[in-house]
Amino acid sequence: MSVPEHLQASGPAQEPVSAGKGRSVLRRLVADPMAAGCLAFVTVVAVLGLSSPWLAPYGPNFTELSAVNAPPFSPGHFLGADASGRDILSRLMWGTRQTLLACLLLLAVSSVLGVVGGLVAGFYRGRVEAAADWVSDVIMTMPAVLLLFALYARTGPNIAVAMIVYGLLVAPSYFRLVRSVVVGVRNELYIDAATVVGLSDLRIVGRHVLWAVRAPVVIHSSFVLAGGIGVEAGVSFLGLGDPATPSWGSVLQTSFSSIYTSKAAVAWPALLISLSILALVLLGNALRDVLQTSAHRTAPSPRRLREMIREAREGVEPSASAVPAPDTVLSIQGLRIGYPDGDREIREVVHGIDLEVRRGEIHGLVGESGSGKSQIAFATLGILPGEAIVLGGRVLLDGEDLLASDDRMRRARGRRIAYIPQEPMSNLDPCFTIGAQLIHGLRAVKEISKEGARRELLALLARVGIKDPERVLRQYPHEISGGMAQRVLICGAVASDPDVIVADEPTTALDVTVQAEVLELLRELRDERGLAMILVTHNLGVVADLCDTVSVMRDGHIVERSDVDSLFEDPAVDYTMELLTSARRVEIAEV
Ligand SMILES: Nc1ncnc2c1ncn2[C@@H]1O[C@H](COP(=O)(O)OP(=O)(O)OP(=O)(O)O)[C@@H](O)[C@H]1O
């Protein structure tokens, strides 16, 4: 048994989802008509079943000889009666208790064993994990049906014991799921921080780790419950259940044995079992969607989102389409970006900015944290987060609006616009060698043989200052330094011969000497290749050193745009002056 498909998407390193409060999860769940319907169905079935002593027309084993094989809608027998003259509706109602009990037993045993095992194995790893893994593998190899038959030989018809044993067999699915989530969470820095603060393992697991596994476990449980109904029906159908106590499976079995005389009798338990399984599966899917959306925000419905976008666009004049200067390669005109603020409104974070970059120009984008620099870089590359909404504007590459067509953006990205990220290490895949990644990337954007790509990359790696390119191509990311990784990424970015490079704080993660070398390399590449570059940075020293022109951003606006010399000599706005003064203060403090 492997981790079920419905949970694989929520892999180990996922956010601790579902942080929303219980009430809001329920409210969001019932806002989905399908989930509300399923929840109502499951609740009604459970309540009717549990109230059978008061609501059921007859006792579970009450027989009426005159009603043998009575068809549905007979007087006194709404769903008909079975071959022994027992009322099918009453037996299904009474049987709900047994089925529910069987499912809860299965759920309790499998979840307790699996979750506790997964938590311990994922948290402590090492031998504990190896041993738990071994036990889980052994359990998974056990043939469930044979085991149930063997059990029957020893204990006789006992559905409770059968479900406990089945719970043991299902436990590895919880174990694997929880273990993989815990392994991901265990490496998070906030767990290290909790350890350093002095929290005990138990408190760390209870406070931080359990929170992360809560959502996947809840979702998985709805599928286990659905599976439990099927298992109980199967076990009873095989005759391994208690014939004296009705359950949905045993009602199905008795109806099935007289299928030739009363076909309709089979339909009711089969329908109830199928609909209940369907409702629980659909409920599980809806729960997954609710828990995996943003933890604290109420995601707007598609209709509300459309309204919010219309409201945000209303009253804002679309910016006039300006013709870019002749040597302009990238022109951003009237770009507006926003994010849904719950289901109330779109919060605009970039307010209609204009920006032009000419061939061979390095344009710095500076400003305080949160001013919108990265949003502009991401919009230019078409990699804004899924929830971002472009409310207006254009990103023109040689006059073609990339925002107007996803296909145009896809063709430009990586070929004509390349990206140099801030964190070189986290942008390289640890599973592949540098060579495999660079060659794959280059061949994805250029028609070239593997050998040709390799030769080109060797030359380019040497050009960006890698001493032994042959060896680096064979190495994995963890075997090279941060500075080398950034050179590798610069090599990857320029390999497709782009017109524009968007560099998002390319030197922030590097030490000072490597920073200077990387900046020098970028300048040389610009001179050699006539690259246009947008350089996002906090560092005014980098701007002074490398950029030709600069835009200063604040609160999603460009408050000043000028050439670098003018900016430093004679800033036009107070905010730029403040930025320069604080940068100087930091420099003095560092000296
Ligand atoms: N996924 C998101 N959902 C909601 N708001 C977001 C999201 N990403 C960014 N924002 C908001 O957009 C604004 C601009 O963020 P952005 O990351 O562009 O700032 P920045 O200038 O690049 O900051 P920094 O220099 O710290 O990276 C911020 O107010 C931020 O809160």
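**Exercise 1. Two helices**

What distance does helix α10 (residues 201–237) span between its end C-alpha atoms, and what would a straight helix of 37 residues span at 1.5 Å a residue? Find also the residue at which α10 bends, and then examine helix α5 (residues 88–124) in the same manner.

*Solution.* The model is predicted, and each step below is read from its atoms.

Step 1. At 1.5 Å a residue, a straight helix of 37 residues would span 54 Å, whereas α10 spans only 46 Å between its end C-alpha atoms.

Step 2. Looking along α10, we find a bend of about 50° at Leu-210. Beyond the helix comes Gly-239, which has a positive phi near 85°.

Step 3. Helix α5 has 37 residues and reaches 52 Å from its first C-alpha to its last, which is close to the expected 54 Å. A kink of about 30° is nevertheless present in α5, and its centre is Gly-95.

Step 4. As for its surroundings, α5 is mostly covered, since 26 of its 37 residues are buried. Arg-125 follows α5 and has a positive phi, near 50°.

**Exercise 2. Strand order and pairing**

In what order do the six strands of the open sheet lie, and which two are the edge strands? Describe afterwards how β4 pairs with β1 and with β5.

*Solution.*

Step 1. The order of the six strands is β6-β7-β8-β3-β9-β10, and their pairing is mixed.

Step 2. The edge strands, each of which pairs on one side only, are β6 (417–420) and β10 (557–563). On average, and with direction ignored, neighbouring strands of this sheet are turned by 20° against each other.

Step 3. Within the sheet, β7 (residues 500–504) and β8 (residues 532–536) are joined by five bridges in the parallel sense, and Asp-504 has Val-536 in β8 as its bridge partner.

Step 4. Turning to β4 (residues 389–397), we see that β1 (residues 328–341) pairs with this strand in the antiparallel sense over seven bridges, with Ile-337 opposite Val-390.

Step 5. Strand β4 is also joined by two bridges to β5 (residues 400–401), again with an antiparallel run, and here Leu-397 stands opposite Glu-400. The hairpin of β4 and β5 has two residues between the strands, and in this hairpin Asp-398 takes a positive phi near 50°.

**Exercise 3. Around the ligand**

How many residues surround the ligand, and which helix contributes the largest share of them?

*Solution.*

Step 1. The ligand is surrounded by 13 residues, of which the closest are Tyr-339, Val-349, Ser-369, Lys-373 and Ser-374.

Step 2. Helix α14 (residues 373–381) gives the largest share of this shell, namely three residues.

Step 3. Sorted by character, the shell holds three nonpolar, eight polar and two charged residues.

**Exercise 4. Loop residues**

Is Phe-73 buried or exposed, and how should Asn-69 and Ala-388 be classed?

*Solution.*

Step 1. Phe-73 lies in the loop between α4 and α5, where its phi is positive, near 65°. Because Phe-73 has 10 C-beta neighbours inside 10 Å, this residue counts as exposed.

Step 2. Asn-69 belongs to the loop between α4 (52–55) and α5, and its phi, near 55°, is likewise positive. With 16 other C-beta atoms within 10 Å, Asn-69 is partly exposed.

Step 3. Ala-388 is found in the loop between α14 and β4, and with 17 other C-beta atoms within 10 Å, Ala-388 is partly exposed. Its C-alpha atom is separated by 9.7 Å from that of Glu-348, a residue 40 positions away along the chain.

Note on methods: Residues are numbered from 1 along each chain as its sequence is written. This is a predicted model: local features need pLDDT of at least 70, side-chain atom pairs count only at pLDDT 80 or more; totals for chains, interfaces and linings use all residues. Two strands pair if DSSP finds at least two bridges between them. Helices (H or I, at least four residues) and strands (E, at least two) are DSSP runs, numbered from the N terminus. Axes are lines fitted to C-alpha atoms, for helices over the stretch in contact, and angles run from 0 to 180 degrees between N-to-C directions. The expected span of a helix is 1.5 Å times one less than its number of residues. The bend at a residue is the angle between axes fitted to the seven residues ending there and the seven starting there. A residue is buried if 20 or more other C-beta atoms lie within 10 Å of its own, exposed if 12 or fewer, and partly exposed in between; C-beta atoms are placed from the backbone. A residue is near a molecule or strand if its C-beta atom, placed from the backbone, lies within 6 Å of it. Ala, Val, Leu, Ile, Met, Phe, Trp, Tyr, Cys and Pro count as nonpolar, Asp, Glu, Lys and Arg as charged, and the others, Gly among them, as polar.
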